[in-house]
Amino acid sequence: MRMYDIIAKKRDGGELSDEELAFFVKAYVRGDIPDYQASALLMAICLRGMTPRETARLTLEMEHSGDTVDLSSLEGVKADKHSTGGVGDKTTLVVAPIAASLGVRMAKMSGRGLGHTGGTIDKLESIPGLRTDLPRDEFLRIVREVGVCVAGQTGNLVPADKKLYALRDVTATVESIPLIASSIMSKKLAAGADCILLDVKTGSGAFMKTLEDARTLAQAMVEIAAHAGKRAAALITDMDRPLGNAVGNALEVMEACETLRGRGPADLTELCVELAAGLLVMTGKASDFTEARTLAQGQIENGQAFAKLREMVAAQGGDAAALDDFRLLFAPVVRYEVRAGEDGFLCGIDTERCGAASVELGAGREKKEDAIDPSAGLILRKKPGDRVRAGDVLAEFFAASESQCRTAEETFRAALRFGEAPPEPRPLIFDRIGF
Ligand code: URA
């Protein structure tokens with residue numbers, strides 16, 4: 001088999017066979033295919049697409065390109081949740097404890113922030129002492145004993161995605177639905193859960209800018225899971241504005257705690273209850289969404305979901321007292337206010353730019369090796385739809401220096417759209433796929 005022929009076949013719109021896809025993934029991971037040939041194939045896939053069978057086959061080959069996690073020693077249904085990424089998305093910190101407090105085993109592997117989007121591992125690491133680089137046996141023990149553990153990806157999990165993602169990043173081939181679907185699902189399948197709930201984001205802060213693309217991606221991922229003999233389902237949710245009010249690592253942990261105490265922002269609370277309900281329906285803990293929402297809401301009201309987060313944090317070596325006394329995790333050097341210049345309505349926020357402002361404050365990385373400032377970030381005091389008077393605080397910034405705040409203010413102001421009337425309301429949850 002020759003890589004040249006595989007590239008030419010896809011260039012001409014052909015369908016690659018199982019053997020060709022297996023050859024490509026295995027030989028590329030071994031280092032036998034040079035990056036220029038892999039790039040040519042990725043670009044051909046971007047332009048020509050893939051059939052559902054090809055996408056599923058590519059995913060399974062990627063899944064098995066390295067280690068996989070075996071969760072079979074844990075009793076019961078094991079579930080995982082994945083968000084395609086956004087700004088202010090701290091739902092895992094709320095949803096995983098709710099589901100675990102109702103008996104769903106949440107064995108969750110999470111990532112770090114990518115570009116303008118935040119990552120759960122960075123958020124958790126703002127809790128003093130908390131470890132996310134857990135050896136496999138410790139990860140399994142915590143899931144068995146506590147019911148939930150959120151760890152970083154350790155070991156040699158899906159090396160094919162590590163290599164391919166790095167290549168896509170520099171060859172303008174990230175924006176391909178089959179490539180995104182196979183990248184995400186290869187990692188989710190390798191992480192071993194039986195049920196995978198996908199939160200596919202759409203809007204200005206998401207990879208999928210249009211609802212149509214978000215639906216296509218969700219459908220592709222649900223089909224891949226079915227090919228692999230696993231269950232996946234998706235919610236399509238809004239990322240045209242940041243989720244909740246807090247953007248930044250410690251700030252988001254604090255907002256997640258407030259949400260688990262029943263005092264969270266309305267949009268974040270609604271989405272977390274809906275995602276937890278999705279997990280309860282998928283794992284058979286509830287017969288429909290109405291029952292599941294009531295169960296999930298009940299775990300917030302009775303304090304059991306928050307107690308579960310505390311238990312998880314302590315099991316992972318973190319100081320659970322920081323979840324009650326935020327001074328233990330949040331100590332910004334500078335607090336800075338951004339105020340409105342004139343009266344009107346806040347009509348929209350370019351969410352990607354808002355995420356970029358939080359990175360400039362120190363909450364994310366501009367380069368892979370950059371350190372994160374756990375206390376950095378922003379709190380939105382106005383959201384789209386709100387009336388604004390001149391002089392009102394639009395957002396509070398937290399950073400290590402005033403100059404970071406001034407740079408971020410420019411980016412943030414450019415993200416805001418004002419008008420004389422409020423915008424049309426936008427749904428938070430657009431669709432459910434695969435339930
Ligand atoms: N997230 C991933 O893990 N992979 C992609 O290709 C895009 C987003």
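How far does a polar side-chain atom of Arg168 lie from an oxygen atom of the ligand, and what is the distance? In this predicted model, the separation is 2.9 Å. Arg168 is one of the residues that surround the ligand, and it is a good place to start a tour of the site.

Two further side chains offer polar atoms to the bound molecule. In Ser183, a polar side-chain atom sits 2.6 Å from a nitrogen atom of the ligand. Lys187, in turn, places a polar side-chain atom 2.5 Å from an oxygen atom of the ligand. The protein buries 91% of the 230 Å² that the ligand exposes when taken alone.

The shell around the ligand is completed by Tyr165, Ile180, Ile184 and Phe207, alongside Arg168, Ser183 and Lys187. Sorted by class, these shell residues comprise 4 nonpolar, 1 polar and 2 charged. Two helices, helix 8 (159-170) and helix 9 (177-190), each contribute at least two residues to the shell. Of the elements involved, helix 9 gives the most, with 4 residues.

Attention now turns to a pocket elsewhere in the description. The second largest pocket holds about 240 Å³ of space. Its lining includes Asp238, Arg241 and Asn245, followed along the chain by Pro265, Ala266, Asp267 and Glu270. Lys383 also lines this pocket, as do Pro425, Arg426, Pro427 and Leu428. Helix 12 (residues 266-282) provides the largest share of the lining, 3 residues. By class, the lining of this second largest pocket is made up of 5 nonpolar, 1 polar and 6 charged residues.

The wider layout of the chain gives these sites a setting. The chain is divided into three parts: domain 1 spans 3-49, domain 2 covers 78-324 and domain 3 runs over 330-419. Between the centres of domain 1 and domain 3, taken over C-alpha atoms, the distance is 43 Å.

Methods: Residues numbered from 1 in each chain as written. Predicted model: local features only at pLDDT ≥ 70, side-chain atom pairs only at ≥ 80, totals over all residues. Heavy atoms only, no water. Domains from an automatic or database assignment. Near = heavy atom within 4 Å. Polar contact = N/O pair within 3.5 Å; in protein donor to acceptor, adjacent residues only side chain to side chain. Areas by Shrake-Rupley, 256 points an atom, 1.4 Å probe, with all protein chains shown as cover. Nonpolar A, V, L, I, M, F, W, Y, C, P; charged D, E, K, R; others polar. 1 Å grid on protein atoms, 1.4 Å probe; cavity = no way out; pocket = protein on both sides within 12 Å on 5 of 7 lines; lining within 4 Å. Points joined across faces, edges and corners; volume = space filled by probe spheres on them.
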